[in-house]
Amino acid sequence: MKKFKALAAGLMAGVMLFSLAGCANFKATDEKTFKNALEDVFDLEEDDDYYVYEDDDTWIDDCDTSIYAYDSDCYLVFLEFDDPEDAYDYFDDVYYDDFEDMIKDKDFDGRYKMSANEKSSTGYITFDGDADSDFADDDIYGGIYCKDGILVIAMAWSDKNSDKEDINEFLKAIGYPKP
């Protein structure tokens, strides 16, 4: 009976670890894929609708490339850092900690998933709900992702189905998990 219990406990732990690991199972996108998704999903054009900054033109320390795009209520960002640890530190300090504080302060009503792994410099936050904090003060839908030195933000400040569908289509085009 002891062996059966140990086996069952081991299987349950494995299932839980597998389900948690699956949530963050995505490959880092690249600049070209991100731009193509902006153009295909949102019909945006470089220099008219979205902007690319390189090296010294980015205002974030240690960021080599940044792309910013807005479409109606949707906000899309691509940040490429030379060092994955720098990307993770930025993700953790600017987004993860603030979102975590918002949850602790009960300033978010909705669904969310969070994961951060400093050792692998990987993390993500996905959300669908209403925020009332410094992080956001409105309906929010989307995600913030950090992997392999790339930080991506794809979110809508809206609860409209059309904005959510656009964010989902964009995330699918770059291979990232939906909220």
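This report walks through a predicted model of one protein chain, from its overall layout to two helices, one strand residue and some salt bridges.

## How to read the model

Residues are numbered from 1 along each chain as its sequence is written, and side-chain values use heavy atoms, with hydrogens and water left out. Because this is a predicted model, local features need a pLDDT of at least 70 and side-chain atom pairs count only at pLDDT 80 or more, while totals for chains, interfaces and linings use all residues.

The score called pLDDT is the predictor's confidence in each residue, from 0 to 100. Across the chain it averages 86, and 87% of the residues score at least 70. The beginning of the chain is another matter: over residues 1-23 the pLDDT stays under 50, and the model has three contacts beyond four places in sequence for that stretch. (A contact means heavy atoms within 4.5 Å.) Where pLDDT is low, the predicted coordinates should not be read in detail.

## The overall layout

Let's start with the big picture. The chain has four helices and seven strands. Here, helices (H or I, at least four residues) and strands (E, at least two) are DSSP runs, numbered from the N terminus. Read from that end, their order is α-α-β-β-β-α-β-β-β-β-α.

Of the 179 residues, 41% are buried; buried means under 20% relative accessible area, exposed means over 50%, and partly exposed lies in between (1.4 Å probe, protein chains only). The accessible surface comes to about 10300 Å², and carbon and sulfur atoms hold 45% of that. These areas come from the Shrake-Rupley method with a 1.4 Å probe, and for residues only the protein chains shown count as cover. Among contacts with a separation of 6 or more, 49% are between residues 24 or more positions apart.

## Helix α2

Helix α2 has twelve residues and reaches 16 Å from its first C-alpha to its last, close to the 16 Å expected at 1.5 Å a residue. (The expected span of a helix is 1.5 Å times one less than its number of residues.) Which residues of α2 are buried? They are Glu-31, Phe-34, Lys-35, Ala-37, Leu-38, Val-41 and Phe-42. These buried residues cover an arc of only 160° around the axis, which puts them on the same side of α2. The arc is that of the directions from the helix axis to the C-beta atoms.

On the other side of α2, Lys-32 and Asp-40 are exposed. The cover over the buried residues of α2 includes β1, β2, β3, β7 and α4. Just after the helix, Asp-43 has a positive phi of about 60°.

## Helix α4

Helix α4 holds 14 residues (161-174), and its end C-alpha atoms are 20 Å apart, in agreement with the expected 20 Å. Its buried residues are Asp-163, Lys-164, Ile-167, Asn-168, Phe-170, Leu-171 and Ile-174. Seen down the axis, they fall within an arc of 160°, so they line one face of α4.

Asn-161, Glu-165 and Lys-172 are exposed on the other side of α4. Elements covering its buried residues include α2, β3, β5, β6 and β7. After α4 comes Gly-175, with a positive phi near 80°.

## A buried threonine

Thr-126 sits in strand β5. Is Thr-126 buried or exposed? With 4% relative accessibility, Thr-126 counts as buried. Beyond its neighbours within four places in sequence, its contacts include Arg-111, Tyr-112, Gly-142, Tyr-145 and Pro-179.

## Salt bridges

The whole structure has six salt bridges, each a side-chain nitrogen of Lys or Arg within 4 Å of a carboxyl oxygen of Asp or Glu. One of them joins Lys-35 and Glu-31 (3.2 Å, N to O). This pair is four residues apart in helix α2, which means a separation of about one helical turn. Lys-35, buried at 17% relative accessible area, also forms a salt bridge with Glu-46, with the closest N and O atoms 3.5 Å apart. Glu-46 lies in the loop between α2 and β1, so the pair ties together parts that are eleven residues apart in sequence.

Another salt bridge joins Lys-160 and Asp-73 (3.5 Å, N to O). This pair links distant parts of the chain, 87 residues apart: Lys-160 is in the loop between β7 and α4, and Asp-73 in the loop between β2 and β3. Lys-160 is partly exposed at 41% relative accessible area, and Asp-73 is partly exposed at 26%. Finally, shared partners join Glu-31, Lys-35 and Glu-46 into one salt-bridge network.

Conventions. The expected span of a helix is 1.5 Å times one less than its number of residues.
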